[in-house]
Amino acid sequence: MRDEQPPPAEPSAPPRAPEAAGAAPAAPAASAPGPGDAQGASLADRIGMVVGGQFVNTLIVLVQGVVVVRLLGKSEYGVLAFATMLFMTGRDLAQLYLPESFLYFAPKVTRPELKGLVRQSLLLLLGLGALSALAFSAFALVPGVFLDSREGVTQLLLLIGLMSIIAYPASVFGPLFIATNNHRKSAGVALLVTLSSAAGAILPAALGCSVIWIVAAQCAAQALRLGLSYRLYARLFRDVAATPFPGGVRAQLAYALPLSVTRFAGLFNQKLDKFVIGLFFSAGLYAEFAVGSQELPLVGVLAYSVASTMLPDLVARVENGPTPAEGARSAIALWHSGIRKTTLIMLPVAAFLLLFAEPLMRTVYGDAYAGAAVPFRIYSALLPLRVTAYAILLMAFGKTSMILRIQVLSMAFNVAANLVLLPTIGMVGAPLSAVLTQAIGIVMTVATIARFSGVGLRGVFPWGHYGRVAATALVAAAPLTAFLVTGAIDERPALCLTVGAPLYAGLYLVAAWVTGVLAPEDRAFVARWLRLEPLRSRHG
């Protein structure tokens, strides 16, 4: 995701550059709910628990980000956003896909073996965190290369190193809780940590402290996350005697290392624009870019959470099919069910943001960030394609080399696009290159899934449903286009946004009802969650 606010706790494990290789021993006991698990919870309710928890946490982080932006000066926020981006990039690279491996191995091992895998992963990630700390300490020796030689970067880099040592082991528990169906308990821990993280960012900014205090508070929040998560893990596995994970470190790395290479390529494509801006532009310009480059958190909260929660079920369908082809088709059918739900939200949101990017930036962050509307609109143009984590299906298929090939080709295109567009159109060339790269990568991934599964392009994606929802969103947006042409944004952006948001929501719901894209089961599912029925369950 493109949110570069101070790093919150991670309530779940959205997939990053997903792909799978290797296999683990059988005995799928770990996937069976144990005491305190979400026994009997449907896949829809499990997804709802993850998405609901992610939504609350993301809302808190969004409020935190807005408040911090308004409290800090533009240059100060630019330094903080750049430091946060470095931490998140280092975290995603250095963890070697070890936390996400739980989503793949948990359905395949016994519960004692799963506890052995937890212990093994904690030790590996502690060592990787220490190596990352050394790398950030080395960067601290040459702070002048960043943000036009902005002062204060050295101390931040050292703190980021400390935070890596704490945060890497803590990242094990989110995927572990998802894999063992303890979604509600995990969400409770994540909420406490997110609130602590938000307070640790807002209070120092409100008191006029430097950004160093904000990053130090995030270190404390990560320590709280580690402590609370480990305590919950110890309770859930208190009656389980750990046994060695079959194959040991070698088996886990055989799965994770190919994915890590793929993740490197994916992160290169996602972060190149930010590194380019951080290396060649000032902290003030980076602040404007960081605000505008924030992709809507719905991509992580909704699309990626739905896909990651489905992963154990996708793996089971692939492996339990009568034939490989039938297993692939069964997994695709389940994948489609998630896409149909996320499309109903992502497409209308994308249409609204493309229209109201400028009043949104000016209303939320102030007139000083009006220029952020340009990169924000560019990134929002990709939202219609971000209705799922496409490579999650290839992850279930175990096709590592296919995703790696796609990411490497995308890297080459990204570099070429930046070399052409940056000298031609300036800073806007960086986000434009990033969006074009991601779009091409998605197209190649869909084509690969179609070829491997044997269903063809017609069967690999729910084209008909997607087209109907897209048409509905465009029909609802048409009246608002005429409203924006009047120039109301220039004088009263907040009023324009306040009127436009509910008006568009109403138009879309009416159009969705008329066209039938909002099915009765969708309305029933939403009604159940509005009544909080799954959360009131004694399970999970």
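G116 touches A242, T243 and F245, leaving aside residues up to four places away in sequence. That is a good place to start in this predicted model, so let us stay with G116 for a moment. The residue sits in helix α4, and at 13% relative accessibility G116 counts as buried. Its C-alpha lies 9.1 Å from that of P246, although the two residues are 130 positions apart in sequence.

E113 belongs to helix α4 as well, which covers residues 111-140. With the same allowance for sequence neighbours, E113 touches T243, P244, F245 and P246. T243 and F245 are thus among the residues touched by both G116 and E113.

What is the nearest side chain of opposite charge to E113? It is K108, 12 Å away, and E113 is buried yet has no salt bridge. The E113 side chain does have a polar atom 3.1 Å from the backbone nitrogen of T110.

**The protein as a whole**

Stepping back, the fold is built with 22 helices and zero strands. The protein has 540 residues, and 56% of them count as buried. Among contacts with a separation of 6 or more, 87% join residues 24 or more positions apart. The exposed area comes to about 21000 Å², with carbon and sulfur atoms supplying 70% of it.

**Salt bridges**

The structure holds five salt bridges. Three of them are set out here, each with the distance between the closest N and O atoms.

| Pair | Closest N and O atoms |
|---|---|
| E288 and K74 | 2.9 Å |
| R362 and E358 | 3.6 Å |
| R362 and D367 | 3.1 Å |

Consider the salt bridge between E288 and K74. This pair links distant parts of the chain: E288 is in helix α10 (residues 283-292) and K74 in helix α2 (residues 74-94), with their positions 214 residues apart. E288 counts as buried because its relative accessibility is 16%, while K74, at 30%, counts as partly exposed.

The other two pairs in the table share R362. Together, E358, R362 and D367 are linked in a network of salt bridges. Why are R362 and E358 separated by about one helical turn? They are four residues apart in helix α12, which spans residues 324-365.

How do the three members of this network stand in terms of accessibility? R362 is buried, with a relative accessible area of 14%. E358 is partly exposed at 27%, and D367 is exposed at 54%. R362, the buried residue, therefore has one partly exposed partner and one exposed partner.

**A nonpolar patch on the surface**

One more feature deserves a look. L495, V499, L503 and L507 form a nonpolar patch on the surface, and their accessible area together is about 310 Å². V499, one of these four, is found in helix α20, which runs over residues 493-515. Is V499 buried, partly exposed or exposed? With a relative accessibility of 39%, V499 counts as partly exposed.

To bring the local views together, helix α4 holds both E113 and G116, and each of these residues is buried. In the salt-bridge network, R362 is linked with E358 and D367, while the patch at the surface is made by L495, V499, L503 and L507.

How values were computed:
Residues are numbered from 1 along each chain as its sequence is written. This is a predicted model: local features need pLDDT of at least 70, side-chain atom pairs count only at pLDDT 80 or more; totals for chains, interfaces and linings use all residues. Side-chain values use heavy atoms; hydrogens and water are left out. Helices (H or I, at least four residues) and strands (E, at least two) are DSSP runs, numbered from the N terminus. Buried means under 20% relative accessible area, exposed over 50%, partly exposed in between (1.4 Å probe, protein chains only). Lys and Arg count as positive and Asp and Glu as negative; His and the chain ends are not counted. A polar contact is a pair of N or O atoms within 3.5 Å; within protein, one must be able to donate a hydrogen and the other to accept it, and residues adjacent in sequence count only if both atoms are side-chain atoms. Contact means heavy atoms within 4.5 Å. Patches are made of residues with over 30% relative accessible area and no salt bridge: like charges are joined within 9 Å, nonpolar side chains (Val, Leu, Ile, Met, Phe, Trp, Tyr) within 5 Å. Accessible areas come from the Shrake-Rupley method with a 1.4 Å probe; for residues, only the protein chains shown count as cover.
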